[in-house]
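Colleague: I have just opened this one and could use a guided tour. Could you walk me through it, starting with the charged pairs?

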Amino acid sequence: QRWNTLRSELGRAGAPDDLLKSIDEHIAEAHLHGDGLAAVATADAAPHIEHGREAPVADQASWAALPALLPILQWRQSSPAYLTVLADRTGADLSVFRPRESDVHRQAGGDDHPLAKSAPGGWSQGRFQQRAENTWENNADDVAAEVVALVERFDPRVVAVAGDVRAVEMLQRALPSPAAERLAVIEGARSDDGSAEHVSAAISRLVQDVVEADTAKILDKFAEEMGQSDRAADGAAATVAALAQAQVDVLLVEESPDDSRPAFYGNEPTQVGLIPAELEAMGVDDPREAPLVDVAVRAALGTGAGVRVVPGGSSLTDGLGAILRWPS
């Protein structure tokens with residue numbers, strides 16, 4: 001029903017019916033792949049389809065000369081890949097959750113002889129206790145090796161660890177950098193079926209905190225560069241000028257769903273400006289108009305820059321800024 005509403009809006013905006021039909025076929029089973037779906041389509045090509053574990057903040061649809069990619073980038077930003085490790089003294093269940101790809105599940109450890117220390121008394125008490133300790137440590141080493149392998153392969157933004165206190169402590173000691181730098185301990189225990197559903201709320205809060213911390217770090221870097229009058233551009237004019245020079249390392253855009261300010265662009269990513277005359281000076285005979293944010297995002301992606309959506313009121317002039325690759 002929600003797609004039907006958006007479909008009607010797109011039809012009224014001029015989207016061809018054949019294009020809308022090409023998206024229709026992806027809707028019926030979209031719920032099997034997550035709570036969110038994004039589609040980018042043209043009149044003469046198959047649509048790009050993305051599924052996400054989390055739903056976007058709001059339903060959005062547009063039909064225009066340039067795709068409105070900022071909502072998709074914000075959706076991606078809010079749902080980075082993460083690794084869960086549910087550990088006990090026998091080992092751990094590990095899962096990599098990726099927002100647009102299938103999950104990956106692994107087990108590590110498994111040495112169970114002996115796991116329990118002997119009861120007090122007897123000449124062999126110390127030997128059994130040491131053997132149990134060695135078993136725990138071997139399992140922790142095996143889990144740490146699997147964590148390192150998964151981090152290197154899938155680059156999760158955070159490693160959420162829960163489980164037996166002693167097992168978690170041993171894993172923390174066994175885990176080398178840089179994997180150890182991504183580790184965060186949450187409350188919970190290893191489940192019988194190996195799933196992480198029982199700790200999903202804690203993991204969601206952790207991921208949200210990490211995303212917010214990353215955004216704050218980027219804004220701090222922007223403020224630092226502005227304070228030094230060095231590698232930063234603030235405001236629409238300065239940022240668009242930097243995009244035209246392929247100078248932008250990270251484009252910063254404030255959340256503003258109703259931003260309809262215009263800008264102009266040509267065929268090349270660096271052919272951007274706030275008025276047609278700026279494009280004409282670059283040799284563009286027919287500058288095209290589109291919303292400023294869409295033009296800026298296209299230029300950033302086309303020149304290999306990152307894009308970070310930041311909260312409204314983040315002190316960016318005109319809601320637009322950039323960290324630059326080199327000083328202006």
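**Salt bridges, sheet and cores**

Modeller: Searching the whole structure, which is a predicted model, turns up 16 salt bridges.

Colleague: Okay, which residue does Arg7 pair with, and how far apart are the closest N and O atoms?

Modeller: Arg7 forms a salt bridge with Asp24, and their closest N and O atoms are 2.9 Å apart. Arg7 belongs to helix H1 (residues 2–13) and Asp24 to helix H2 (residues 17–27), so the pair ties together parts that are 17 residues apart in sequence. With 27% relative accessibility, Asp24 counts as partly exposed.

Colleague: And which parts does the salt bridge between Arg190 and Asp88 tie together?

Modeller: In that pair the closest N and O atoms are 2.9 Å apart. Arg190 sits in the loop between E7 and H6, whereas Asp88 is in strand E3, so the salt bridge ties together parts that are 102 residues apart in sequence. Asp88 counts as partly exposed, at 26% relative accessibility.

Colleague: What about Glu146, which side chain does it meet?

Modeller: The side chain of Glu146 meets that of Arg106 in a salt bridge, at 4.0 Å from N to O. This pair links distant parts of the chain, with Glu146 in helix H4 (residues 125–154) and Arg106 in strand E5, 40 residues apart. Glu146 has 21% relative accessibility and counts as partly exposed, and Arg106, at 33%, counts as partly exposed too.

Colleague: Which residues are joined into one network by salt bridges that share partners?

Modeller: That network consists of Arg7, Asp17, Lys21 and Asp24.

Colleague: Switching to the sheet, what is the order of its strands?

Modeller: It is an open sheet of five strands in the order E5-E4-E3-E6-E7, and the pairing is mixed. Strand E5 (104–109) and strand E7 (183–185) stand at the edges with a single partner strand each, so one side of each has no neighbour in the sheet. From one strand to the next, the twist averages 20°.

Colleague: How many bridges join E3 to E4?

Modeller: Seven bridges join strand E3 (residues 82–88) to strand E4 (residues 91–97), and the two run antiparallel. Within this pairing, Ala87 stands opposite Ala92 in E4.

Colleague: Which strands does helix H5 touch?

Modeller: Helix H5 (residues 165–174) packs on the sheet and touches E3, strand E6 (158–163) and E7, with its direction making about 145° with that of E6. Helix H6 (residues 200–227) lies across E3, E6 and E7 and runs at about 150° to E6.

Colleague: There's a Glu225 in helix H6; is it buried or exposed?

Modeller: Glu225 counts as buried, because its relative accessibility is 3% and the cut-off for buried is under 20%. A polar atom of the Glu225 side chain lies 3.1 Å from the backbone nitrogen of Arg231. Leaving aside residues up to four places away in sequence, Glu225 touches Asp230, Arg231 and Ala232.

Colleague: Last topic: how many residues are in the largest nonpolar core?

Modeller: The largest nonpolar core has 29 residues, and among those with the most contacts inside it are Leu70, Leu243, Val272 and Val295. Elements that give two or more residues to this core include helix H3 (70–78), helix H7 (236–244), strand E9 (248–254) and helix H9 (292–302). H9 gives the most, with seven residues.

Colleague: And which residues does Val272 touch?

Modeller: Not counting residues up to four places away in sequence, the residues Val272 touches include Val240, Leu243, Phe264, Leu279, Met282 and Val295. There is also a second, separate core of 22 residues, which includes Ala144, Val147, Leu171 and Leu183.

Key. Residues are numbered from 1 along each chain as its sequence is written. This is a predicted model: local features need pLDDT of at least 70, side-chain atom pairs count only at pLDDT 80 or more; totals for chains, interfaces and linings use all residues. Side-chain values use heavy atoms; hydrogens and water are left out. A nonpolar core is a set of buried Ala, Val, Leu, Ile, Met, Phe, Trp, Tyr and Cys residues joined through side-chain atoms within 4.5 Å. Buried means under 20% relative accessible area, exposed over 50%, partly exposed in between (1.4 Å probe, protein chains only). Helices (H or I, at least four residues) and strands (E, at least two) are DSSP runs, numbered from the N terminus. Contact means heavy atoms within 4.5 Å. Two strands pair if DSSP finds at least two bridges between them. Axes are lines fitted to C-alpha atoms, for helices over the stretch in contact, and angles run from 0 to 180 degrees between N-to-C directions. A polar contact is a pair of N or O atoms within 3.5 Å; within protein, one must be able to donate a hydrogen and the other to accept it, and residues adjacent in sequence count only if both atoms are side-chain atoms.
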